[in-house]
Amino acid sequence: MEDPFNPMEEAPSSPTSSDMESIGSSVIPIINRLQDIFAPFGGLSKIKLPQVAVVGSQSSGKSSVLEALVGRDFLPRGSDICTRRPLVLQLEHRPIRSENDDKREWGEFLHLPRKRFYDFSAIRREIQAETEREAGVNRGVSDKQIRLKISSPNVLNVTLVDLPGITKVPVGDQPSDIEARIRTMIMSYIKHETCIILAVSPANSDLATSDALQMARTADPAGMRTIGVITKLDIMDRGTDARKFLLGKVVPLRLGYIGVVNRSQEDINQNQSIAEALAYEENFFWNRPVYHGLSDRCGIPQLAKKLNQILEQHIRAALPELKAELKSQMVSVVKELRTCGEVNESKAEQEAVLLNILTKYCEAFSSWVDGKNQDMSTTELSGGARIHYIFQSLFVKSLEEVDPCDDLTDEDIRTAIQNATGPRSALFVPEVPFEVLIRRQIARLLEPSLQCLRFVYDELIKIGRGCESIEMQRFPVLRKRVDEVLGKFLRDGVKPAERMIGNIIEMEMDYMNTSHPNFIGGSKAVELAIQQLRSSKDGMDMEKSTGSVKGQKSRAIFAKSVTNGVSAEQGIRPQLNNDKPISAGNTSGRAWGISSIIGGTISRMPSGESVASKPFSESFHDVEHVPTMIQLREPPAILRPLETQSEEEAVEIVVTKLLLRSYYDIVRKNIEDYVPKAIMHFLVNNTKRGLLCTFIQKLYRENLFEEMLREHEEVVVKRKRTREIFQVLQQALQMLEEVESDVASRSSNSSPGTDIATGLPKIPGLSSSFHSTSNGDVNFSYT
């Protein structure tokens, strides 16, 4: 016959001190200490330590479960939402060392260090006051934690986070999206793999629709780190029980379920103690035969042991990853600590630091310009490569794309040529318009040359700012003075470079070296001009002449007649009937043109027909017969050449353009060569050579050491905080190493009946990696 179920035998309400000391006595307190020392540092919040998060809907019995685990009433109570801030509850088992130990239990808040609360009602009031300080007095919620440690010889080592209950309808000061906010807050805890989820659901509701289990399923789809807690078993409908729930046949969980009986609100109002509630729970399971075969899944003591062992195993499994994460964080902190530097108090230290900073700055500047910097970018041009780009791709390419005749029309050149001849007609293509026009084009090269200088100056300023070492950034006064000295030094280097560029342009403008071997020359220009005009005119004549015979044209088409003032080409054309002989007064016009250069013939009229051969009296007699006086029109204020352009003028225009382009190319190449040389000599290389000497002369003075090396207040605060974080991480790593050595020693001394990974009693169906039985639940046996 089967022995009757006795919960007191299989699930004692108060484990002995020796049992408690062996369960979770090493790693859980270590994690608690890590949580305490990490809490003040927000930068360490991304290190997720193993913990148990309690999740449930509002009034699901979460607070009753926590109070039962502690054995004391200490949480705020009420019909509305009670938990409005996450409460990190650290249960610390304090073994009784001697008979003189008073066995008193006490609590301590992290925000009130070294203040112990022996009255648990005072703990409740402090939780309420701290909640109202952050979340207000009218049911508001906040995600800022409250950390409470409870030390007692009657608890097991475990750490739980009591999260606000999931609510549907906002009340009081709660926002309209209170449900979404609370779910987001809960998910921020339970989504991490290091978190054990304690999903609390009341037995008098449908487990398949439990909010806690739904959120746990979202964060832990495989159910590998979720423990189900079924509360309020005593108020289920008559004829129903939670056996299927506890066996995991409704919603399977790898870690299984624990069923508990809570105190009702009436019990709380009647001041029923936790001990009385545990006794009631014991009698409840004693009188319900349906639960007799589920001794390891019933009662608060079984929940405490299960939480303790699972958290212990979870922590041990997470230790290697946690240690690696701490080391990674340590490396980042060390780098950040180096940026903060050390405090330099003595004059010798300040002198050495300042000289070292200035020397490294100048070395970095030279390496950036020369392309020898170790931190060279692979995604964009930087340093000296940008200066080379300015010279070749901006300056040279822009000059090569310029046509010197772009801004000169044929009329401009024609006007310049006629202005250069004065009151006479030139025998040759005048040199004066060529020189005037080419000087104008050379002058255009000054602005892009100076612009190139400004671009290089800007690049050197950027290089200087990029050379600031991490150490220099600590000292705002030094950075400012270095920028000022560098800027003045570069501006001083710009002035001689500007003068040199101006002199180069003026040299090119002052003397036209028409003997340059690359210059096309006048004869060659005339020959090319005639060939161009002839080829273009032949093409036009072929289009116009459809079946007509072309007339033979004289090669000396540009020679002018000395006697009648018309060109040879005009002389061979038949005159119209109304044409009149041109008077001798027109001989003041052009008498010689390009024809004299190329050897063209001069057409002469018969001497008998010359007006000059007539006697003066005959000419005067002709004048007397003029019936009216000839009136000349007054010249306009602005005179321009006649619209009709002779072929001689066309040749002159083409010749002038050829000469301009030829000489401009010579000057352009000189400018493209000399301007970058001037910039490199007077600005870039001069800065590399003389910057350090200038820094030492201006900044390296004993009376300026303290001012130059005055740190920003933010750097001082950052150094202090970074050092504290560094010490915390060192302490944490040391503690983890102690835990590892303790685990190793326990593993070597463990008996066959203990779990090798934890040194704890073997749990059938549960290994260090949380394997389950075939029916999806976990079997615990402590008997």
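**Figure 1. Phe109 and Phe117 are both buried in the predicted model.** The structure shown here is a predicted model. The rings of Phe109 and Phe117 meet edge-to-face, with a centre-to-centre distance of 5.4 Å and an angle of 90° between their planes. This pair belongs to a set of aromatic pairs whose count comes to 6.

**Figure 2. Phe284, Phe285 and Tyr291 make up one aromatic cluster.** Within this cluster, Phe284 and Phe285 are each buried. Their ring centres lie 5.5 Å apart and their planes stand at 75°, so the pair is classed as edge-to-face. The angular cut-off behind this assignment is over 60 degrees between the planes.

**Figure 3. Two arginine residues lie over the faces of aromatic rings: Arg104 over Tyr118 and Arg116 over Trp106.** Arg104 is placed at 4.0 Å from the ring centre of Tyr118. For Arg116, the distance to the ring centre of Trp106 is 3.9 Å.

**Figure 4. The largest nonpolar core of the protein comprises 77 residues.** Leu460 and Leu478 have the most contacts inside this core. Among the secondary structure elements, helix α22, spanning residues 647–699, gives the most to the core, contributing 20 residues.

**Figure 5. Leu478 touches residues from several parts of the sequence, including Leu354, Met472 and Leu709.** Leaving aside residues up to four places away in sequence, the contacts of Leu478 are with Leu354, Ile357, Met472, Leu699, Met708 and Leu709. Leu699 falls within the range given for helix α22, residues 647–699. Leu478 is also named, together with Leu460, for having the most contacts inside the largest nonpolar core.

**Figure 6. Another nonpolar core, of 62 residues, lies apart from the largest one.** Its members include Val65, Phe74, Ile258 and Met735.

**Figure 7. The whole protein, shown as context for the close-up views, contains 24 helices and 9 strands.** Of its 783 residues, 44% count as buried. Among contacts with a separation of 6 or more, 80% are accounted for by residues 24 or more positions apart. The accessible surface of the protein comes to about 41,900 Å², and carbon and sulfur atoms hold 51% of that area.

Note on methods. Residues numbered from 1 in each chain as written. Predicted model: local features only at pLDDT ≥ 70, side-chain atom pairs only at ≥ 80, totals over all residues. Heavy atoms only, no water. Helix = DSSP H or I, 4+ residues; strand = E, 2+ residues; numbered from the N terminus. Buried < 20%, exposed > 50% of the residue type's maximum accessible area, 1.4 Å probe, protein only. Contact = heavy atoms within 4.5 Å. Areas by Shrake-Rupley, 256 points an atom, 1.4 Å probe, with all protein chains shown as cover. Phe/Tyr/Trp six-rings, centres within 6.5 Å; stacked < 30°, edge-to-face > 60°. Lys NZ or Arg CZ within 6 Å of the ring centre and 35° of its normal. Core = buried A, V, L, I, M, F, W, Y, C linked by side-chain atoms within 4.5 Å.
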